[in-house]
Amino acid sequence: MKKIGIIVKPHKPEAKDILKKLVLWVESHHLEAVLDVDTANIVNKKSPYQKSQIFSQVDMIIVLGGDGTLLSVARLTINNGIPILGVNLGGLGFLTEVTLDELYPTLEKIINGEFIIDERMMLMTHIHRQGERLAQSPVLNDVVINHGVVARMIILDIYVNSQFVTSLRGDGLIISTPTGSTAYALSAGGPIIHPTVNAIILTPICPHTLTNRPIVIPDNVKIEVILRTEDEGVMVTFDGQVVFSLKKEDIIEVRTAETRVKLIRSPEKNYYEVLRKKLKWGER
């Protein structure tokens, strides 16, 4: 390992001091710290690389921020397989599970080869309108179809491998990976799925028919959701960050992506420990 990329969530008051210390640590270990333009600006440095360009220059990426920051980075690494270390700067943080106190001991272990790579499945989504593909995006957490502004019921026809599943009436639908099962889907009543399980979760959002419940399906299927609602304002959101407006009869096609995201994990941590701490299991 020779080059380490660093991406920091902007507008964090403490980011400047944390980044300065991290860059000094990396350089003191005879490694090169590679920053994108936005991250370099935090410490008044210059960089020739946009965020999407540093992945071809480095051996690993350190993401300082929250799960949202890591999700945006994960979508960019889908084609090059660069491992990511997520460091939590606040918030719940299921993906950015390393704390600041744990950062440098964890990095020492990584340099010595004492780490585990978790490969997480992603979904690839395509939006079709009248036979034309309008948009596409990978996601690590979820694809959400809902009414963005007005709290109004929408109608979605759902197919799996061209087999009709149901006509869902409600606030919307969450299509998530096992990684995303602890995100929006969990709040909507969906199950927690271990991230190594090869599955996709369909979770209705406030269904009009109360018997419409979450369902877990294999990861090797094609999911098609057709919007049957006339109302404007229905949209699809990728990982809670990228938004695309929908029209009646638009088709949202979702499949498992061909490549996976690689997350670095310390061997001293495990998934159940993260769940227990983040969800405060066993506390009274």
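# Helices, sheets and a ring pair in a predicted model

Student: Asp-17, Lys-21 and Leu-24 are exposed on the other side of α1, and I would like to know which residues of this helix are buried.

Tutor: Bear in mind that this model is predicted, and that a residue is called buried when its relative accessible area is under 20% and exposed when the value is over 50%. With those cut-offs, Asp-17, Lys-21 and Leu-24 are on the exposed side. The buried residues of α1 are Ala-15, Ile-18, Leu-19, Leu-22, Val-23, Trp-25 and Val-26.

Student: How many degrees of arc do the buried residues of α1 cover around the axis?

Tutor: The residues concerned run from Ala-15 to Val-26 in the list of buried positions, with Ile-18, Leu-19, Leu-22, Val-23 and Trp-25 among them. They are on the same side of α1, because the arc that they cover around the axis is only 160 degrees.

Student: How far apart are the end C-alpha atoms of α1, set against the expected span?

Tutor: The helix has 14 residues, and at 1.5 Å a residue it should span 20 Å. The model agrees with this expectation, since the separation of the end C-alpha atoms is 20 Å.

Student: Which strands does the chain connect through α1, and what is the handedness of the crossover?

Tutor: Strand β1 (residues 3-8) pairs in the parallel sense with strand β2 (residues 32-35) over four bridges, and within this pairing Lys-3 stands opposite Glu-32. The chain passes from β1 through α1 to β2, forming a β-α-β crossover that is right-handed.

Student: Which residue forms an aromatic pair with Trp-25, and is that pair stacked, edge-to-face or tilted?

Tutor: There are three aromatic pairs by the rule applied here. In one of them the ring centres are 5.8 Å apart and the planes meet at 45 degrees; planes under 30 degrees apart would count as stacked and those over 60 as edge-to-face, so the pair of Trp-25 and Tyr-104 is tilted.

Student: How many residues separate Trp-25 and Tyr-104 along the chain, and are both residues buried or exposed?

Tutor: The pair links distant parts of the chain, as Trp-25 belongs to helix α1 (residues 15-28) and Tyr-104 to helix α4 (residues 100-111), with a separation of 79 residues. As for accessibility, Trp-25 and Tyr-104 are both buried.

Student: Within what arc do the buried residues of α4 fall?

Tutor: The 12 residues of α4 should span 16 Å at 1.5 Å a residue, and its end C-alpha atoms, 17 Å apart, agree with that. Its buried residues are Leu-103, Tyr-104, Thr-106, Leu-107 and Ile-110. Viewed down the helix axis they line one face of α4, because they fall within an arc of 165 degrees.

Student: What is the separation between the C-alpha atoms of Leu-70 and Leu-85?

Tutor: Leu-70 lies in helix α3 (residues 67-76) and counts as buried, because its relative accessibility is 0%. Leu-85 is 15 residues away from Leu-70 along the chain, and the two C-alpha atoms are separated by 8.8 Å.

Student: Which strands are at the edges of the open sheet β13-β12-β11-β8-β15-β16?

Tutor: This sheet has six strands with antiparallel pairing. Four bridges join β12 (residues 199-205) to β13, and Leu-202 stands opposite Ile-215 there. The strands that pair on one side only, and therefore form the edges, are β13 (215-218) and β16 (242-245).

Student: What is the average turn between neighbouring strands in the open sheet with the order β7-β6-β17-β14-β9-β10?

Tutor: The sheet consists of six strands in antiparallel pairing, and its edge strands are β7 (132-139) and β10. Direction ignored, neighbouring strands are turned against each other by an average of 20 degrees.

Student: Which residue of β14 stands opposite Tyr-159?

Tutor: Strand β14 (residues 223-227) and β9 pair in the antiparallel sense over five bridges. Within β14, the residue opposite Tyr-159 is Glu-224.

Student: In the loop between β9 and β10, is Ser-162 buried or exposed?

Tutor: The loop between β9 (154-160) and β10 (163-170) holds Asn-161, whose phi is near 50 degrees, a positive value in a residue other than glycine, and which counts as partly exposed because its relative accessibility is 41%. Ser-162 is in the loop between β9 and β10 as well, and although it is not a glycine, it has a positive phi of about 70 degrees. With a relative accessibility of 54%, Ser-162 counts as exposed.

Note on methods:
Residues are numbered from 1 along each chain as its sequence is written. This is a predicted model: local features need pLDDT of at least 70, side-chain atom pairs count only at pLDDT 80 or more; totals for chains, interfaces and linings use all residues. Side-chain values use heavy atoms; hydrogens and water are left out. Two strands pair if DSSP finds at least two bridges between them. Helices (H or I, at least four residues) and strands (E, at least two) are DSSP runs, numbered from the N terminus. Rings of Phe, Tyr and Trp (its six-membered ring) pair if their centres lie within 6.5 Å; planes under 30 degrees apart count as stacked, over 60 as edge-to-face and the rest as tilted. Buried means under 20% relative accessible area, exposed over 50%, partly exposed in between (1.4 Å probe, protein chains only). A crossover is right-handed if, with the strands pointing away from the viewer, the path from the first strand over the helix to the second runs clockwise. The expected span of a helix is 1.5 Å times one less than its number of residues. The arc is that of the directions from the helix axis to the C-beta atoms. Axes are lines fitted to C-alpha atoms, for helices over the stretch in contact, and angles run from 0 to 180 degrees between N-to-C directions.
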